[in-house]
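Here are my notes on the aromatic rings, written for someone opening this one for the first time. Have a look at the structure, then read on.

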Amino acid sequence: MKKIIALLLAAAMMIVAAGCGGGQSASSGSGSSSGSGGKQITMGFSQIGAESEWRTANTESIKQAAKDAGINLQFSDAQQKQENQIKAIRSFIAQGVDIIAFVPIVETGWDTVLKEAKDAKIPVIVVDRDVKLSDDSLYVAKIGTDSVKEGNNVFKWIDEYMAKEKKTPRDGGSQYNVVILEGTVGSSVAIRRQEGFKDAMAKAADAGKYNILASQTGEFTRQKGQEVMESFLKSYGPKIDILFAHNDDMALGAIQAIEKAGLKPGKDITIISIDGVKGMFQAMIDGKANCTVECNPLQGPLLMETAKKILAGEKVEKLVYVDEGVFPADVAAKTLPERKY
Ligand code: GZL
């Protein structure tokens, strides 16, 4: 009889121990990060797609940072379609995730679905690009880059470079002729980079020195950038002095078109773009491009840190920009080895 009681006591002790361990392991076990109430945080993330080297680096940064932060990431790739992003956000709401983050492919059309997230009491973080809403309380924080400043930086570098190199307009006229490959139509990044470029040009000492010959979307892709540059060359070939591409991938496509047309990219046509991806550093080392203005995609750690703060009830900045620089060709070889994307 005594033996049975001892066995029953031992069994009871084991059950109690297992029950406590289970509760603690949920919050402190495999490095999982706890939101309110100690359970692992689940984040629903809607990404645009994989249109550029920059976007791939942005995705990798977010996935790695979620792993490092012990956050369970439900990742959705929208294949460049806003309706897929809206569907993904709705499914995150249905799943009851703790927090939603997304990169808005275009800046409008988000009010309804973000209102649904707010009604479900799920906080939202906007990443990389901007949204235009009737009610800014529909998101808690925005993490990204300053597209207007990037556009400003592009023009300022061009103006200094053309003066330093004492370039003369290729058509023998008095103006430098510029063609522009724009990003995705309706995206805040394309709208703001164009705005920043034109504002800086309008404020230049001698604004009349520049003439925008043509400006058209290359959809942020290498393929489309090459196609549109081919059409620019057909229409204006001998007149083009400068190419400003809203991202490096389109510039790299345009370089192929310029070479196919028998011209020297980086020499006959000065080329500047935005992102700062490795492929562009290599093109500058090869003498085929002149400058890249950095737009930092490594936003994952800041996103996860912000998500944890929001779920812990801490106050966060409504808008946080990541740091970025300007890299002309003469620093490309030295800088490339330390580039992370
Ligand atoms: C910039 C980002 C842009 C990059 C492109 O913040 O949204 O989208 O410049 C990417 O390379 O496709």
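1. Which charged end sits over the ring of Tyr-139? That would be Lys-318, with its charged end 4.1 Å from the ring centre. Keep in mind that this is a predicted model.

2. There's a second case of this kind to look up. The ring of Phe-327 has the charged end of Arg-339 over it, 4.9 Å from the ring's centre.

3. Now for rings that pair with rings: searching the whole structure turns up eight aromatic pairs. One of them is Phe-45 with Phe-75, a stacked pair with 5.9 Å from centre to centre and 10 degrees between the planes. This pair links distant parts of the chain, since Phe-45 belongs to strand β1 (residues 42–47) and Phe-75 to strand β2 (residues 72–77), 30 residues apart.

4. Is each partner buried or exposed? Phe-45 counts as buried because its relative accessibility is 0%. Phe-75 has 28% relative accessibility, so it counts as partly exposed.

5. Phe-102 and Trp-110 make a tilted pair, because their planes are at 55 degrees, with the ring centres 4.8 Å apart; a stacked pair would need planes under 30 degrees apart. Phe-102 is buried, at a relative accessible area of 0%, and Trp-110 also counts as buried, at 0% relative accessibility.

6. Last one: which residues make up the aromatic cluster with Phe-155? Tyr-176, Phe-197, Tyr-210 and Phe-244 join Phe-155 in one cluster.

Terms used:
Residues are numbered from 1 along each chain as its sequence is written. This is a predicted model: local features need pLDDT of at least 70, side-chain atom pairs count only at pLDDT 80 or more; totals for chains, interfaces and linings use all residues. Side-chain values use heavy atoms; hydrogens and water are left out. Rings of Phe, Tyr and Trp (its six-membered ring) pair if their centres lie within 6.5 Å; planes under 30 degrees apart count as stacked, over 60 as edge-to-face and the rest as tilted. Helices (H or I, at least four residues) and strands (E, at least two) are DSSP runs, numbered from the N terminus. Buried means under 20% relative accessible area, exposed over 50%, partly exposed in between (1.4 Å probe, protein chains only). A charge sits over a ring if NZ of Lys or CZ of Arg is within 6 Å of the ring centre and within 35 degrees of the ring normal.
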